[in-house]
Amino acid sequence: MSIWWSLHLRRDAASVPLARRLLLGTMETAGVDPDISYDLSVALSEACANAVEHGGDAGSSEAYRVTAYLDGEKCRIEVADTGPGFPPGGRRPPFRAVHPEAEHGRGLCLIQELADHVHIGSTPGRGGAVVSFDKILKWREDAPLVAV
């Protein structure tokens, strides 16, 4: 079983719950375990929130892209924006510890904790950041689209 979708969303706070609901609905319909679905939806929300906040010039309504793949036993999600990206030289931002009550700066750390594998970088040749992460799926016993 393989499902994928891609969205081009405006850099607007209202786009974050839209992407999250679409992911949750897709995984519920496919029969993914609710705990795995929840972890991935939180990670997606954090990546989308970063794209909305940092993914373009101030006041810009540029879009960002969310792509999700449920393929076999794994889900891979990618969020790409058109902002300044990360510093040149291939250095990704560090996953640094942040105070648990901090209101900002926890997104990348949360994604790292909730996913099995995370890649953070810049879009080659055109700027912008790309955050991709994946997680091994678990299925409900009654899953209609379970991987064979």
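1. Start with the strands of this predicted model. Strand E4 (residues 117-122) and strand E5 are joined by 6 bridges. The two strands run antiparallel. One pair to find by eye is Gly121 with Val130: Val130 lies in E5 and is the bridge partner of Gly121.

2. Now look at strand E3 (residues 74-80). E3 is joined to E5 by 7 bridges. This pairing is antiparallel too. Here Ala80 stands opposite Val130 in E5. So follow Val130 in both pairings: Ala80 is opposite it, and Gly121 is its bridge partner.

3. Is E5 mostly covered or mostly open? Strand E5 spans residues 129-136, and 7 of its 8 residues are buried. That makes E5 a mostly covered strand.

4. Turn to the helices. Helix H2 covers residues 34-54, and helix H3 covers residues 107-114. They pack with their axes 9 Å apart. The angle between them is about 155 degrees. Angles over 145 degrees count as roughly antiparallel, and H2 and H3 are therefore roughly antiparallel to each other. The crossing of H2 past H3 is left-handed.

5. Which residues make this helix contact? From H2 come Asp39, Val42, Ala43, Glu46, Ala47 and Asn50. From H3 come Gly107, Leu108, Leu110, Ile111 and Leu114. By type, the contact residues of H2 and H3 split into 7 nonpolar, 2 polar and 2 charged.

Note on methods. Residues are numbered from 1 along each chain as its sequence is written. This is a predicted model: local features need pLDDT of at least 70, side-chain atom pairs count only at pLDDT 80 or more; totals for chains, interfaces and linings use all residues. Side-chain values use heavy atoms; hydrogens and water are left out. Axes are lines fitted to C-alpha atoms, for helices over the stretch in contact, and angles run from 0 to 180 degrees between N-to-C directions. Helices (H or I, at least four residues) and strands (E, at least two) are DSSP runs, numbered from the N terminus. Angles under 35 degrees count as roughly parallel, over 145 as roughly antiparallel, 65 to 115 as roughly perpendicular and the rest as oblique. A crossing is left-handed if the near helix is turned anticlockwise from the far one by less than a right angle, and right-handed if clockwise. Contact means heavy atoms within 4.5 Å. Ala, Val, Leu, Ile, Met, Phe, Trp, Tyr, Cys and Pro count as nonpolar, Asp, Glu, Lys and Arg as charged, and the others, Gly among them, as polar. Buried means under 20% relative accessible area, exposed over 50%, partly exposed in between (1.4 Å probe, protein chains only). Two strands pair if DSSP finds at least two bridges between them.
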